[in-house]
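Visitor: I have a model open and would like to learn how to read it. Where should we begin?

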Amino acid sequence: MKYVNELIERYPVLETCKQDIIDAINVITDMHKNDKKLLLCGNGGSCSDCEHISGEFLKGFLKLRPYKKGELNLEEDILTKLQKGIPAIPLASLTSLGSAFCNDVDPDLTYAQLVNALGKKGDVLMGISTSGNAKNVSYAVKCAKALNITTIGLTGKTGGSLKELCDIVIVAPENETFKIQELHLPIYHAICAQVEENFFNK
């Protein structure tokens, strides 16, 4: 877990959640080994973090993740430019469905609806909330658990309701929103880097 060790060296305050970060890495690694996907949800800055995380997973982050010649039936000049991805879907990016469900049904259940429609057993849901109490994220987690989807909470403060709901909870040890978000970024960068290392270490 070299990227986790580097993270703790740079941010000693995160020693309190080191094992939870490792657990999250292991769950996402197993997910990808089994050809499953990561779903992500959050609000505001946490919504932006979902997009950021998916960006690191869907293409090369610290590594190029190249295809070998003949690995896909594509012309070589295309194949050499493509990079292997780890499937990760930021649910808030599905704006047409999101806005329709908000308008027609219940805004608090929009993420739950997307988990219900897209999630399958063996997938992983990461819910991000600095307080741990975002209603729509909590409902998404409840829906995920009903579908036998492993849940990861990335939060702060006391962990809020996500601390009780999620299978794995990473609680950034800060109380103010912006300070929690400042710790979330290096946490999820370490997760992305280590998962990538687990598959593309050459």
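Guide: Begin with burial. A residue is called buried when its relative accessible area is under 20%. Keep in mind that this is a predicted model. Now take strand 4, residues 150-155: five of its six residues are buried, so the strand is largely enclosed by the rest of the structure.

Visitor: How do I read the pairing of strands, and which strands form the sheet, in what order?

Guide: Strands of a sheet pair through backbone hydrogen bonds, in either a parallel or an antiparallel way. Here five strands make an open sheet with parallel pairing, in the order 2-1-3-4-5. Strand 2 (88-90) and strand 5 stand at the edges with a single partner strand each, so one side of each has no neighbour in the sheet. From one strand to the next, the twist averages 15°.

Visitor: How many bridges join strand 4 to strand 3, and how many join strand 4 to strand 5?

Guide: Strand 3 (residues 124-128) is joined to strand 4 by five bridges, and the two run parallel. Look for leucine 125 opposite threonine 151. On the strand 5 side (residues 168-171), four bridges join the parallel pair. Glycine 153 has valine 169 as its bridge partner there. Threonine 155 stands opposite valine 171.

Visitor: And the side chains along a strand?

Guide: In a regular strand they alternate between the two faces of the sheet.

Visitor: What hand do the connections have around strand 4?

Guide: Strand 3, helix 7 (residues 135-146) and strand 4 form a right-handed β-α-β unit. From strand 4 the chain crosses through helix 8 (residues 160-165) to strand 5, and this β-α-β crossover is right-handed.

Visitor: Which strands does helix 3 lie across?

Guide: Helix 3, residues 45-58, lies across strand 1 (38-42), strand 2 and strand 3. Its direction is at about 160° to strand 1.

Visitor: What does the sign of phi tell me?

Guide: Most residues other than glycine have a negative phi. Exceptions deserve a look. Aspartate 35 has a positive phi, near 60°. Find it in the loop between helix 2 (18-33) and strand 1. Aspartate 35 counts as exposed, with 69% relative accessibility. Lysine 157 also has a positive phi, near 55°. Lysine 157 lies in the loop between strand 4 and helix 8, and at 37% relative accessibility it counts as partly exposed.

Visitor: Now aromatic rings. How is a pair described?

Guide: By the distance of the ring centres and the angle of the planes. The count here is one aromatic pair. Phenylalanine 199 and phenylalanine 200 have ring centres 6.3 Å apart and planes at 50°, so the pair is tilted.

Visitor: Are those two residues buried or exposed?

Guide: Phenylalanine 199 counts as partly exposed, at 26% relative accessibility. Phenylalanine 200 is buried, with a relative accessible area of 15%.

Visitor: Which residues does lysine 63 touch?

Guide: Leaving out residues up to four places away in sequence, lysine 63 touches Glu196, Glu197, Phe200 and Asn201. Its side chain makes a polar contact of 3.1 Å with the side chain of glutamate 197. Lysine 63 sits in the loop between helix 3 and helix 4 (76-79). At 21% relative accessibility, lysine 63 counts as partly exposed.

Visitor: How many residues separate lysine 63 from phenylalanine 178 along the chain, and what is the distance in space?

Guide: They are 115 residues apart along the chain. Their C-alpha atoms are separated by 29 Å.

Definitions and conventions: Residues numbered from 1 in each chain as written. Predicted model: local features only at pLDDT ≥ 70, side-chain atom pairs only at ≥ 80, totals over all residues. Heavy atoms only, no water. Buried < 20%, exposed > 50% of the residue type's maximum accessible area, 1.4 Å probe, protein only. Pairing = 2+ DSSP bridges. Right-handed = clockwise from strand over helix to strand, strands pointing away. Phe/Tyr/Trp six-rings, centres within 6.5 Å; stacked < 30°, edge-to-face > 60°. Axes fitted to C-alpha atoms, helices over the stretch in contact; angles between N-to-C directions. Contact = heavy atoms within 4.5 Å. Polar contact = N/O pair within 3.5 Å; in protein donor to acceptor, adjacent residues only side chain to side chain.
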